[in-house]
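User: Could you take a close look at one proline for me and then show me how it sits within the rest of the chain? I'm in my first year, so please explain the terms as you go.

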Amino acid sequence: MTSEDAISAAVQRLALAQETRVPCAAVRDLIGTDDLAAAYAVQQGLVRARLAGGVTVVGRKIGATSEAVQNQLGVDQPDFGYLLSDMDVSAQDPISMRTLVQPRVEAEVAFMLGRDIDMAEDDITLEAVRDCVDVALPALEIVDSRIENWDIGFTDTVADNASSGLYVVGSEGRSLDDLEPREVTMSLTINGEVRSSGNGAACLGDPLEALRWLAVQASRFNDPLRAGQIVLSGALGPFVPFAAGDLVEASISGFAPLTVTFAD
């Protein structure tokens, strides 16, 4: 069991890296490499501090859902983190990079929930979570790591709120009566050059399966997904670096292209 002192030290290390924008050492020296309870406890400590500062929880993100991203991160299973109100930069143009440390960008399918997913774990089926989705939306997630050179193991990324940063969602959603998430294709360009591509099946076989997995985890943490929340279901292809001044466009079939620019 990881001590409370070690968990607190990991929270402080990651919080300082975020505050100063200076990457820190990995936290696995404090919490180990396989103590997921400790890693999520660090995540919760970071989130509680952000909430105390006045932000609110607006949803969740699922990380490491595609084999491509798992290979990039050196992990073999998905994780989740919290989306907070100050992470939504959908209305910014250009998007400020002033809070970011070592950002990367990836394209995803997001889900806006129309109903709570608050049921017994055995009842959290693919059909049940599908019925709880209001609309699907195109999304860009700006992932980030407070840990130097992205030198992370699984407990490091979990502790670091699943390597979250910022996110953008499109304004025009699609009903799941009109869109099958596992069948979408994705192309992501930076300044007109294709840098990442993939499809819905790359996300745990189906972005809705990723949502089902998350709903089960949320239930186990006694913090079920709620109506009105946004869920970023996970990357459809590899994440890629970008820089201030870049124009990033995600084209996900079934949606209008999602285009953003970045500035210091």
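Analyst: Let's start with Pro 103, which counts as buried because its relative accessibility is 10%; buried means under 20% relative accessible area, exposed means over 50%, and partly exposed is in between, using a 1.4 Å probe and protein chains only. Keep in mind that this is a predicted model, where local features need pLDDT of at least 70, side-chain atom pairs count only at pLDDT 80 or more, and totals for chains, interfaces and linings use all residues. Residues are numbered from 1 along each chain as its sequence is written, and side-chain values use heavy atoms, with hydrogens and water left out.

So where is Pro 103? You'll find Pro 103 in the loop between strand E3 (95-96) and strand E4 (104-113). Those labels are DSSP runs numbered from the N terminus: helices (H or I) have at least four residues and strands (E) at least two. Leaving out residues up to four places away in sequence, Pro 103 touches Met 97, Ile 142, Val 143, Asp 144, Pro 241 and Phe 242. A contact here means heavy atoms within 4.5 Å. For a sense of distance, the C-alpha atoms of Pro 103 and Gly 63 are 15 Å apart, with their places 40 residues apart along the chain.

Another proline is worth a stop. Pro 94 lies in the loop between strand E2 (79-84) and E3, and a cis peptide bond joins Asp 93 to Pro 94, with omega at about 0°.

Now over to strand E5. Val 135 is part of E5, which covers residues 133-143, and Ala 136 has its place in E5 too. With a relative accessible area of 0%, Ala 136 is buried. Not counting residues up to four places away in sequence, Val 135 touches Ala 110, Phe 111, Met 112, Gly 173, Arg 174 and Ser 175. Ala 136, with its neighbours within four places left aside, is in contact with Val 109, Ala 110, Phe 111, Gly 173, Arg 174, Leu 176, Leu 179 and Phe 255. Two distances help you place this strand: the C-alpha atoms of Val 135 and Ile 230 are 9.9 Å apart, at 95 residues along the chain, while those of Ala 136 and Gln 77 are 24 Å apart, at 59 residues along the chain.

Asp 206 is a charged residue to look at. Asp 206 sits in the loop between strand E8 (193-199) and helix H7 (207-220), and it counts as buried because its relative accessible area is 6%. A polar atom of the Asp 206 side chain lies 2.9 Å from the backbone nitrogen of Leu 208. Apart from neighbours within four places in sequence, Asp 206 is in contact with Leu 126, Pro 181, Arg 182, Gly 200 and Ala 201.

Gln 70 is in helix H4 (residues 67-73), and with a relative accessible area of 15% Gln 70 is buried. Gln 70 touches Ala 64, Val 75, Asp 76, Gln 77 and Pro 78, not counting residues up to four places away in sequence.

Next come two loop residues with a backbone quirk. Arg 21 isn't a glycine, yet it has a positive phi of about 60°; Arg 21 lies in the loop between helix H1 (4-20) and helix H2 (28-31), and at 40% relative accessibility it is partly exposed. Asn 222 isn't a glycine either, and its phi is near 55°. Asn 222 belongs to the loop between H7 and strand E9 (230-235), and at 68% relative accessible area Asn 222 is exposed.

Finally, let's zoom out. The protein chain has seven helices and twelve strands, and its C-alpha trace spans about 50 × 45 × 35 Å along the principal axes. Its radius of gyration is 17 Å, which agrees with the value near 18 Å for a compact globule of 264 residues; this radius is taken over C-alpha atoms, and the globule rule is 2.2 Å times the number of residues to the power 0.38. Buried residues make up 53% of the 264. Of the contacts with a separation of 6 or more, 77% are between residues 24 or more positions apart.

Key:
A polar contact is a pair of N or O atoms within 3.5 Å; within protein, one must be able to donate a hydrogen and the other to accept it, and residues adjacent in sequence count only if both atoms are side-chain atoms.
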